[in-house]
Amino acid sequence: MSVRLLLENRALRRDYQSRFEFVLVDEFQDLNEAQLLLLQIIGLPENNIFAVGDDDQMIYGFRGADVKHLVEFEKRFPVATTHVLNTNYRSSRMIVRHAGWLIHHNGDRVPKDIQPRREAQPGRFEVSGHTSLLEQAKFAAKWLAEHKKQNNLNWRDYAVLYRYNAYQFPVAVMLDAMGIP
């Protein structure tokens, strides 16, 4: 709707185009066609667009996001320059290595060689498949209990991170069932 309004109403379009000198787009890889067109309209005539994105983290394909928008960014915006951030500051060496191996098999991406930060811990990598969220939560709770016992640590040394809010309930149930705060 907003794209149509801007395309049909020249005064409104010019108002928005003159309103912003620079446009910052975070998570650019998740834009769908309509959002990309909106960005292109608003960015004119200067095209002072600063986009941050990672083609290896595109998760909104179900709503029209297309990795080609990022892969072909310089075709759409020919004056653009690309700066690849090759250092992963969040993960251990083992996680970065295994993730890099897996991601490298994806042919539709911007080539990059991600490395862990110099002082990254060696880390540990383990894959465990489960048939349900509850089974995943049970595995995680058992792992935490065993790891704490083996290493004589405190519960404050642990955290459970999840990306999707639906994971919260099964994890909380299993932790509670095992007496884990």
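The buried residues of helix H7 are covered by parts of the chain that include helix H8 (168-177); contact here means heavy atoms within 4.5 Å, and helices (H or I, at least four residues) and strands (E, at least two) are DSSP runs numbered from the N terminus. The model is predicted, so local features need pLDDT of at least 70 and side-chain atom pairs pLDDT 80 or more, while totals for chains, interfaces and linings use all residues. Residues are numbered from 1 along each chain, and side-chain values use heavy atoms, without hydrogens and water.

In H7, Ala137, Ala141 and Leu144 are buried (under 20% relative accessible area, 1.4 Å probe, protein chains only; exposed is over 50%, partly exposed in between). Seen down the axis, the buried residues of H7 fall within an arc of 60°, taken from the directions from the axis to the C-beta atoms, so they line one face of the helix. On the other side of H7, Lys149 and Gln150 are exposed. Just after H7, asparagine 152 takes a positive phi of about 50°.

The model has a largest nonpolar core of 14 residues, a core being a set of buried Ala, Val, Leu, Ile, Met, Phe, Trp, Tyr and Cys residues joined through side-chain atoms within 4.5 Å. Helix H3 gives the largest share of this core, four residues. Apart from it lies another core.

| Core | Residues in core | Among its members |
|---|---|---|
| Largest core | 14 residues | Val23, Phe28, Leu36, Phe77 |
| Another core | eight residues | Ala137, Tyr158, Val171, Leu175 |

Valine 25 touches Leu31, Leu39, Phe50, Ala51 and Val52, leaving aside residues up to four places away in sequence.
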